[in-house]
Amino acid sequence: MTTLITHSVCLEHQMEQHHPESPERLAAVLSHLNDSRLIDDLTTLQATEAVRDDLTAFHRDKYVDALVAMEPDQGLRPVNPDTSMGPKSLAAARYAAGAAIQGVDHVLAEADTRVFCAVRPPGHHAEESTAMGFCFFNSVALAAHRALNKHELERVAILDFDVHHGNGTVDAFQDDPRVLVCSSFQFPHYPYRLQDVDRPNIINTPLAAGTTGVQFRKAIERDWLPAMDEFAPALILVSAGFDAHRDDPLGDLLLDEADFGWITSLIIDAANRHARGRIVSILEGGYNLKALARSVATHLEELCA
Ligand SMILES: [Zn+2]
């Protein structure tokens, strides 16, 4: 079985009206899983909340304190021009990070080999002391720290196919050779940070606007496959963003569900070769509700196969 980890508080984090990172995103994903009966093939777990020590495995104490101090009782408080905080936002971010950490514990306890975390807000733009790009806590980075620190794994890979570069994840591990970070992203495009870090454990795959599925697949095979096979991770974490879909309003790449199925199957093969099949995939972006729901379903169909 594949395990789905989620929490209802992730539906309660709300930013401005019509903000693309809306509760409807997760609602669309979950209702599609129900309607398609894919949910019957999954074991569903309630996420646990990340505690302070989990968060400070990457984020600075002062940063966590500052976010907590900003938390409003009602209304919205801007954190930066594209990210704001409502009364439930930090709780949702803690449960999103908690789900990813719990996913790592779950696969390393051999309870299951594959986990998908259906959570929001996303996390891969959050740097050590910076909330940005709709992200507060970097869930995938915190999950990697859990695998390294608690489970003492020697090598963890993070694969990020969101249309936006995973700058926060690069920030977390650019000086830590225990973690391989592979990120494909539209370039030039938001977030315009840390895109040219030159380290052997950071594999950046920039893609021009208009990149097709065929071109995407070639680039991933060229850049990611040799890096993964040389690195031989004991665990694969996935920043699963689906905003590289051709119908997504926040990107200009031309991928479709089949391309997300293809990369999921490539990740499964790599996990089977190196990581005893262990994969923890965490939802990042994806802002066309229908395309997002269908793409997550395709990703999960592959993970369940
Ligand atoms: Zn994105």
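1. Start with helix H4, residues 89–108, in this predicted model. It has 20 residues, and at 1.5 Å a residue these should span 28 Å. The C-alpha atoms at its two ends are 29 Å apart, which agrees with that expectation.

2. H4 is also an inside helix. Of its 20 residues, 20 are buried, so the rest of the structure largely encloses H4. The cut-off behind this is under 20% relative accessible area.

3. What follows H4? Just after the helix comes Glu-110, with a positive phi of about 60°. Glu-110 is not a glycine. Most residues other than glycine have a negative phi. Glu-110 sits in the loop between H4 and S5. Its relative accessible area is 56%, so Glu-110 counts as exposed. The buried helix H4 is thus followed by an exposed residue, Glu-110.

4. Now the whole chain. It has nine helices and ten strands. Its radius of gyration is 17 Å, close to the 19 Å that the globule rule gives for 305 residues, so the chain is as compact as a globular protein of that length. Along the principal axes, the C-alpha atoms fill a box of roughly 50 × 40 × 40 Å.

5. How much of the chain is buried? Of the 305 residues, 62% count as such. Contacts tell a related story. Among those with a separation of 6 or more, 74% join residues 24 or more positions apart.

6. Surface and charge come next. The chain exposes about 11,700 Å², and carbon and sulfur atoms supply 49% of that area. There are 25 positive and 44 negative side chains. The centres of these two sets lie 2 Å apart.

7. Helix H1 (23–35) is a second case for the span check. It has 13 residues and reaches 18 Å from its first C-alpha to its last. That is close to the 18 Å expected at 1.5 Å a residue.

8. Which residues of H1 are buried? They are Pro-23, Arg-25, Leu-26, Ala-28, Val-29, Leu-30 and Leu-33. Their cover includes strands S1, S2 (42–46), S5 (114–118) and S10 (279–283). Helix H9 (289–304) is also part of that cover. After H1 comes Arg-37, with a positive phi near 65°.

9. Pro-20 lies on the other side of H1, in the loop between strand S1 (2–6) and that helix. With a relative accessible area of 29%, Pro-20 is partly exposed. Setting aside residues up to four places away in sequence, Pro-20 touches Arg-25, Phe-134, Leu-250 and Tyr-287. One of these, Arg-25, is among the buried residues of H1. A distance for orientation: Pro-20 and Ala-271 are 251 residues apart along the chain, and their C-alpha atoms are separated by 32 Å.

10. Two cis peptide bonds deserve a look. One runs from Arg-120 to Pro-121, with omega near 0°. Pro-121 is in the loop between S5 and helix H5 (139–149). Another runs from Tyr-190 to Pro-191, with omega near 15°. Pro-191 is in the loop between strand S7 (179–186) and strand S8 (202–207). Most peptide bonds are trans.

11. The loop between S7 and S8 also holds Tyr-192. This residue has a positive phi of about 55° although it is not a glycine. Is Tyr-192 buried or exposed? It is exposed, with a relative accessible area of 58%. When checking the backbone here, view Tyr-192 together with the cis bond from Tyr-190 to Pro-191.

12. Last, Ala-244. It lies in the loop between strand S9 (235–240) and helix H8 (257–274). Ala-244 is buried, with a relative accessible area of 1%. What does Ala-244 contact, leaving aside neighbours within four places in sequence? The partners are Phe-161, Val-163, Leu-253, Leu-254, Leu-255 and Phe-260. Take Leu-254: it is ten residues from Ala-244 in sequence, and the two C-alpha atoms are 6.7 Å apart.

Methods. Residues are numbered from 1 along each chain as its sequence is written. This is a predicted model: local features need pLDDT of at least 70, side-chain atom pairs count only at pLDDT 80 or more; totals for chains, interfaces and linings use all residues. Side-chain values use heavy atoms; hydrogens and water are left out. Helices (H or I, at least four residues) and strands (E, at least two) are DSSP runs, numbered from the N terminus. The radius of gyration is taken over C-alpha atoms; the globule rule is 2.2 Å times the number of residues to the power 0.38. Buried means under 20% relative accessible area, exposed over 50%, partly exposed in between (1.4 Å probe, protein chains only). Contact means heavy atoms within 4.5 Å. Accessible areas come from the Shrake-Rupley method with a 1.4 Å probe; for residues, only the protein chains shown count as cover. Lys and Arg count as positive and Asp and Glu as negative; His and the chain ends are not counted. The place of a charge is taken as NZ of Lys, CZ of Arg, CG of Asp or CD of Glu. The expected span of a helix is 1.5 Å times one less than its number of residues.
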